[in-house]
Every structure is written in C-alpha cells, then in structure tokens.
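Grab your viewer and try a few exercises. Each one comes with a worked solution, so have a go before reading on.

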Amino acid sequence: MRVALTGATGFLGLRLVRQLLEQHDSLTVLAHAGSGCALGRITRFMELTGAPLALITELPRRLRVMETDLCRPGLGLPNAEFRRLADELDVIWHSAGNINLDDDLGSLRRTNVEGTRRVLELAAAGARRPLVHHIGTAFVGGARREGVIYEDELDDRYGFENSYEQSKYEAEVLVRDWSRLHGRPVVVMRPSVLVTDLPPHPELPEHPLQFLSRIVESSARSGGLAERDIPDEYRPVVRLAGHPHGHLNLMPVEHAAAVMVQLASRPPSGRADVYHVVHDHDVATTVLTALVERIAPVKVRLVEKRPDDPARLEAAADLYPGFTPYLSHRRRFDDTRVRNLLGPFSSGIRVDLDYLTTGISTRRTASATGAP
Ligand SMILES: NC(=O)c1ccc[n+]([C@@H]2O[C@H](COP(=O)([O-])OP(=O)(O)OC[C@H]3O[C@@H](n4cnc5c(N)ncnc54)[C@H](OP(=O)(O)O)[C@@H]3O)[C@@H](O)[C@H]2O)c1
C-alpha cells in the first residue's frame, strides 16, 4: 500500500510519521519545498525522541521525499510528476497547514483551504482512488463557548475566534463537499490543542502553547522582571480576559497520532467520517494561568473582558490575541464515535501543570523535575 503524507516535518506530522512507519514499510513525504531538508529534520526528531537506531538508519530507504508546495497549482509539481504520484497512491494523509492563529485570513486560506483543494485534486486524479485522511481541528466549532460540540456538527453560525478557525472550517467544508460530489470516502480527524511534555528544542517544531513561554519571557524582560522567585505580594498583577470556570481540551500529541493511525485502519463508511481526537479530561483555565505564574513572576487575574487600559506587561502578555478567547471557553467536544470504535480513552497521560510546564519551559522548574 502506497501512503503519502503532507506536513511530515510538523509538530503532529513527525509523530504521524513515527506511527505510520510501524504499519508501512515506506512512506512518501510531500515535504514543504524550500523549507530545509525534510529527511534530516525527521531523522533529528527520531534521534531526539529516542527512536531505535535500526529505525533511524533505515529512514533514507523507507522515506521517499518529494518537494511540494500547497500554495502552488499541482502542489508545485510538473504535470507528469503530479499524475504519476496521483496514480500510485492508495492513501493520502493531509497534515500540512498554517497554524498561526493570528495570521491574516488571506494567507491562512492560501495554505489551509487552497492547499487542501490541491490535495483533493491529487486524490481525484489518482487511478487507485486514494483515501484521504484530512487533519482538521476541533476548533472548527468556532466561537461557540459553551455546550457540547458533536463530531457530525459543522456550522459557522457562532462565527470564529480567529482567522485560523475560519480557514480550517472552510477546508473541512471543502473536504466534505468533495466527498459528496465524488462519492469518495474521507476521514476527518479533529484534534483539540496538541501538547507535549517534551521540552522545547531548537531543532523541533514549536507547538501551540510554547508561545506562552516566549511571551512571558519577553514581557518579563521588557518589564524588568528577570527574577522569577519573588514573593507573591510583590508580583505585578496581569489581567487577562477569561472565565474562572473555563476549561480547554489539550491532547498529548503522541497519543493523538496513535489514535489517528488506529482510526485510519478502520474501514471507512464511504462518506465523510469525522472524529474528535481529544483527551477525556479538560484542563481548567486556572491551570493555564498557574502555568504563566510558574514561568513568570506575575500574578494573573482573570477578568471578564480585555482591559481597555492595559499596562505594558498586560499588553505584552496579550501578544497572541488569537489564543486569548480560549481562556473563556467552557464547551466540551463529544468523541462518541472514536470511543465506539476504539473503546474508552486509554492514554493514561495526565495533562496537568507539571506536564505543561515541562513542555514549554526551556528552564527546568524544581516542581517539574523533582530537583531541589
Ligand atoms: N498543533 C495543534 O495544536 C493542532 C490542533 C488541531 C489541529 N491541528 C492541525 O494539525 C495539522 C498539523 O499541525 P502541526 O501542529 O503539525 O503544524 P506545524 O508544526 O506548523 O506543521 C505544519 C506542517 O505543514 C508544512 N507546510 C506549511 N506550509 C506548507 C506549504 N505551503 N506547502 C507544503 N507544506 C507546508 C510545514 O512544513 P515546514 O515545517 O517545512 O514549513 C509543516 O510540516 C494542521 O492541519 C493543523 O491545522 C493542529
């Protein structure tokens, strides 16, 4: 079976490669043209995450890298090469995308919507009618902050918290329409926010929550707050818009990739099969604010709406406005279809303050490491 994958060098894609190599002898990596050596980046990931030496040495044989660009017609491949590729594939995993919540809608659409259209064109052209596994996001649920979001639901009536959500919504609409129009099965995997407890490393892709440590460290510098171990009463208060009973679903990326690959091994229904790939416990917003307080000498106070008169530190703390609305979310993602297929959630990983701290902090904290 010939399997191709976009986004293989990404935070999620690297884990998908690792999982897929357990099932398939070889993979075609549709790498981002001009973005560095994909084979080298995947190899480095395997080395840094302790993959067996035998696997690492076999990578050049087992991974065929093709340079592609989602933003160019035909994925930037010459016509003949595009056709040849299409005709040999049985499965296409589409994980590439632009995950910058604050990018402008135009550039997010170019990668996330038009890029998905090109992947579907590849699938449509393929003589072997390859099955598409599209990596969507649970956040196509948009700006609906309460209630339960079901796997079958897809509507834009609540609007979106940011342009990223909108572009991913439009991409999923495209995928479902394509499936109906062509009478082809597609599998849509919708993860929640993906996280890890692997400490950041310059040779590994960043993940969504890592922005917290960057912002905190730069605002600490700009506010002259170099020292973290100062008593509570001397910490400046940072007001952030958020709900005191808010919660957010954070899914360990390794487990998400494992669940996705298990789901992909089930026979598709023939239509669009949509799955929420989520953790069974949400993380309280107050854990996220505790995380900020753990890595910066501030005291976070959740307030109803963004302050009109932000202090310098507060303005700096709100540098990723696309994310801030999530501090007000109290909704839950229903994953009944996944549980029906795979059984109860079984990662055994607790996503808590220590887990999150380890995954974002370049400076190891005493409580996260057990060090004195
Ligand atoms: N991370 C999350 O929390 C999260 C949550 C829900 C859903 N998702 C979805 O999961 C998927 C993967 O996310 P991720 O976290 O792995 O993102 P990521 O780390 O930013 O990786 C994005 C991948 O897409 C590739 N790419 C970007 N632009 C491209 C282009 N024009 N042509 C070809 N390839 C391109 C990148 O290649 P280079 O690195 O070489 O540029 C990289 O391999 C995305 O569809 C995202 O929407 C992610």
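Below are two exercises, one on a helix pair and one on the ligand.

The model is predicted, so local features need pLDDT of at least 70 and side-chain atom pairs count only at pLDDT 80 or more, while totals for chains, interfaces and linings use all residues. Residues are numbered from 1 along each chain as its sequence is written, and side-chain values use heavy atoms, with hydrogens and water left out.

**Exercise 1.** Work out how helix 4 (residues 79-88) and helix 5 (residues 105-125) cross.

*Solution.*
- Start with the axes (lines fitted to C-alpha atoms over the stretch in contact): they come within 7 Å and cross at roughly 65 degrees.
- That makes helix 4 roughly perpendicular to helix 5 (the class for angles of 65 to 115 degrees).
- Next, the handedness: the crossing of helix 4 and helix 5 is right-handed.
- Now pick out who touches whom (contact means heavy atoms within 4.5 Å): helix 4 brings F82, R83, L85, A86 and D87, and helix 5 answers with R118, E121, L122 and A125.
- Sort them by class, and the contact of helix 4 with helix 5 has 5 nonpolar, no polar and 4 charged residues.

**Exercise 2.** Find which residues are closest to the ligand, then look at its partners F11, R41 and L70.

*Solution.*
- 27 residues surround the ligand (a heavy atom within 4 Å), and the closest are T9, H32, S35, R41 and Y164.
- For R41, an N or O atom in the side chain is 2.7 Å from a ligand oxygen atom.
- For F11, a backbone N or O atom lies 2.8 Å from an oxygen atom of the ligand.
- For L70, a polar backbone atom is 3.0 Å from a nitrogen atom of the ligand.

Notes:
Axes fitted to C-alpha atoms, helices over the stretch in contact; angles between N-to-C directions. Helix = DSSP H or I, 4+ residues; strand = E, 2+ residues; numbered from the N terminus. Parallel < 35°, antiparallel > 145°, perpendicular 65-115°, else oblique. Left-handed = near helix turned anticlockwise from the far one by under 90°. Nonpolar A, V, L, I, M, F, W, Y, C, P; charged D, E, K, R; others polar. Polar contact = N/O pair within 3.5 Å; in protein donor to acceptor, adjacent residues only side chain to side chain.
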